[in-house]
Amino acid sequence: MSFAGARLLHISLCVLAGSLVLCGQALCQSAPPDTPPSPATDLVVKDTPDDDGGSVTLSWSLSADDKGGAKDVLSYEIRRSKSPDGPFTTIKKVLKGTSSTTDEKKVENNVDYYYQVVTKDASSETPSAVAGPVRAHVQWFNLGRLNTLLITILYTALLLYFISRAKKGEKLFVRRIAGLDALDEAVGCAPEMGKPALYVPGISTISDVATIASVNILSGVARTVADYDTRLIVPNFDPIVMTVAQEVVREGYMAAGKPEAYREEDVFYVTSSQFPFVAAVDGIMVRERPATNLFIGMFFAESLILAETGASTGAIQIAGTDAIAQLPFFIAACDYTLIGEELYAASAYLSRAPLLLGSLKGQDWMKMFLIGCIFIGLVTLNVGFAGFKSLFDLPLTIFR
Amino acid sequence: MRRQVPLVICFVAGVLMLAQSFVPPLNWFYTNALAWARIISCIAVFIGLISLVRLHATKVRRRAADWKFSIITLLALLYMMLAGLLTRYGVFVKLHGQCVPGSMGDKIVTGFQNAFNFQDIFLNIQIPVQATMFSLLAFYIASAAFRAFRARTFEATLLLVAATIVMLGRVPVGHYIWGVPQATAWILDVPNTAAKRGIMIGIGLGMTSTALKIMLGIERTYLGIKD
């Protein structure tokens, strides 16, 4: 190739390359520009109310591109700084559609903080206006629970009043509870039939009030059983409940004057697994054929399996629970059922101790008060008068 | 003294627990109490274990009725306990080829591996047996319902009618029967909810009252103390 030819080829290649670059630039310019999403607006930051400090609550209006906008928002990034000019540090990310969150990440009390919410899509981000300063504070009272406190004080005062009346020797009327009246009779059947009595204190822990109520009833049952010289079998789901039950049953036998009749191996631990526990108790019912089965405490799905197995053995069965979902099962399969509050009344009812009966009376008066409130609220709201309802907002309105 | 100390502890703990629900800076007490409860629960497992072993060992020793089942229980307990511990800490795992190098030496295995078929036994025996027990519920519901629905009294008849409507409303064919879906919804939303809420209010008051009685030392049976 001659020099002129080579030069011509070189020029041609340069022109071609230049054309390609220009075309590329033109193509790039024709693509839509990468516009960032609209920012989150109306950012409000405030100290989280009713807490022990160390927390700031943020709320904002969603970006116009959140849910269906031109640029689909993916998330919001919360940034924090001790100065309005930054630098801002990312604290947390929340998903699109979220318009409030709390910052609890090493927030110091009584220190000024500034916040920014950054709206992010796949490729770009837009910061909101800076909001602040805000300081986290310790609140010494949870105002959100003011009504609860007032009602607790009222209830406690009522209980103490009736307990003091009972202390003075006043006779208090307590309505009959069929299930508890039948307890003596049911336990009394066992020695006649030469069979033991079975007591299941539920499958919850000792921190459950229903379990404590059950243990209180167990105390009375143990005394009765000891009086009748009968064996009492108490299988346990929780080792701590077992320890308490052993102590209570031993005390019951001692109170009946028959400490030698107490057998520690009859108050035993089975397992803390729900259905293996059921299998074990069902096995006891089928093998030992107790004359009386008492299921008292907190129960879950196993309630009907226990009660139906017991029914199939022909035992007299009394159940008591505050698990509302299990009550129908017990009612269907047992002879007597202590419904909800009757479980808690049992201890007072059985012991007839004046102090306990006094508390029962206070409980009834509180119930009357609540029924009255519900009834008045129902009537007033139905006639279009909201004044009674707003009475309950009054304490909060005053103190806020 | 033996009786007063637990009552004082109970009163102080009760007051603090009550106070923390209204005074946020006292939340630490609640958090710590929960942690302590967990710790005590873990220790209590040993108490349960001792009770279980003692019960079954006594049965075996006395040749009580069905004592052979007690042997199975004790053997199963021992096997699963050892298998669980050995698996967790990697001892003898090399026998099963589950050993992987770890920062604490090559005896460490990742997670619960299959030494002594620990996980297999749990997944293939324990879980199906538990599911079997749970499934008994379906049959027991039928037998309990049969007894409960025998229309001998006015209440039982009412129960039967209500249950029939609700059951019909809960199956596909019920949706094609005029009025049944509405009646089902009404029974569940109005009388059923009203009764449930009534019981719940009673339970709430009963619980509060019991808690207060325990705090004040009026109710002390749970301590094994006579009134």
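**Entry 1: domains of chain B**

I began with the contact between two domains of chain B in this predicted model, and I found that seven residues of domain 1 of chain B touch seven residues of domain 3 of chain B. On the domain 1 side of that contact I noted five nonpolar residues, one polar residue and one charged residue. The assignment I used divides chain B into domain 1 (1-62), domain 2 (65-136) and domain 3 (149-227), and the C-alpha centres of domain 1 and domain 3 of chain B are 32 Å apart.

**Entry 2: domains of chain A**

For chain A I looked up the corresponding assignment, which lists domain 1 (41-134), domain 2 (143-164 + 356-399) and domain 3 (172-352). Taken over C-alpha atoms, the centres of domain 1 and domain 3 of chain A are separated by 55 Å.

**Entry 3: where the chains meet**

I then turned to the contact between the two chains, to which chain B contributes 52 residues and chain A contributes 64 residues. On the chain B side, the elements that supply two or more residues are helix 2 (27-62), helix 4 and helix 6 of chain B. Which of these elements gives the most to that side? I found that helix 6 of chain B does, with 16 residues. Sorted by class, the side of chain B that touches chain A holds 31 nonpolar, 14 polar and seven charged residues.

**Entry 4: a helix pair across the chains**

Since helix 6 of chain B had come up, I followed it to one partner in chain A. The axes of helix 9 (residues 341-351) of chain A and helix 6 (residues 180-215) of chain B come within 7 Å and cross at roughly 35°, and I recorded the crossing as left-handed. From helix 9 of chain A the contact uses Glu341(A), Leu343(A), Tyr344(A) and Ala345(A), while helix 6 of chain B brings residues that include Gly202(B), Leu205(B), Gly206(B) and Thr210(B). I counted the classes of this contact as six nonpolar, four polar and one charged.

**Entry 5: helix 5 of chain A and its neighbours**

Within chain A I looked at helix 5 (residues 239-255), whose 17 residues reach 24 Å from the first C-alpha to the last, close to the 24 Å expected at 1.5 Å a residue. This helix is mostly covered, with 12 of its 17 residues buried; among the buried ones I listed Val241(A), Val244(A), Gln246(A), Glu251(A) and Tyr253(A). The cover over the buried residues includes helix 4 (209-227), strand 10 and strand 11 (267-269) of chain A, together with helix 2 of chain B.

I looked more closely at the pair formed by helix 4 and helix 5 of chain A, whose axes come within 8 Å and cross at roughly 35°, in a right-handed crossing. Among the residues that meet there are Val215(A), Leu218(A) and Arg223(A) from helix 4, and Val248(A), Gly252(A) and Ala255(A) from helix 5. The contact of these two helices has 11 nonpolar, three polar and two charged residues. Just after helix 5 of chain A, I noted that Gly257(A) takes a positive phi of about 80°.

**Entry 6: helix 6 of chain A**

Helix 6 (residues 274-288) of chain A has 15 residues and spans 21 Å between its first and last C-alpha, close to the 21 Å expected at 1.5 Å a residue. Its buried residues are Phe275(A), Phe277(A), Val278(A), Ala279(A), Val281(A), Asp282(A) and Met285(A). I found them packed against strand 9 (197-200), strand 10 (232-236), strand 12 (292-296) and helix 7 (303-312) of chain A, as well as helix 4 (118-148) of chain B. Just after helix 6 of chain A, Arg289(A) has a positive phi of about 50°.

**Entry 7: two loop residues with positive phi**

I noted as background that most residues other than glycine have a negative phi. Asn110(A), which is not a glycine, has a positive phi of about 60°, and its place is in the loop between strand 5 (100-103) and strand 6 (113-120) of chain A. Is Asn110(A) buried or exposed? Asn110(A) counts as exposed, because 9 other C-beta atoms lie within 10 Å and the cut-off for exposed is 12 or fewer.

In chain B, Arg63(B) has a positive phi near 50°, and I located Arg63(B) in the loop between helix 2 and helix 3 (67-89) of chain B. With 8 C-beta neighbours inside 10 Å, Arg63(B) is exposed.

Methods
Residues numbered from 1 in each chain as written. Chains lettered and ligands numbered in written order. Predicted model: local features only at pLDDT ≥ 70, side-chain atom pairs only at ≥ 80, totals over all residues. Axes fitted to C-alpha atoms, helices over the stretch in contact; angles between N-to-C directions. Helix = DSSP H or I, 4+ residues; strand = E, 2+ residues; numbered from the N terminus. Left-handed = near helix turned anticlockwise from the far one by under 90°. Nonpolar A, V, L, I, M, F, W, Y, C, P; charged D, E, K, R; others polar. Domains from an automatic or database assignment. Expected span 1.5 Å × (residues − 1). Buried ≥ 20, exposed ≤ 12 C-beta atoms within 10 Å, placed from the backbone.
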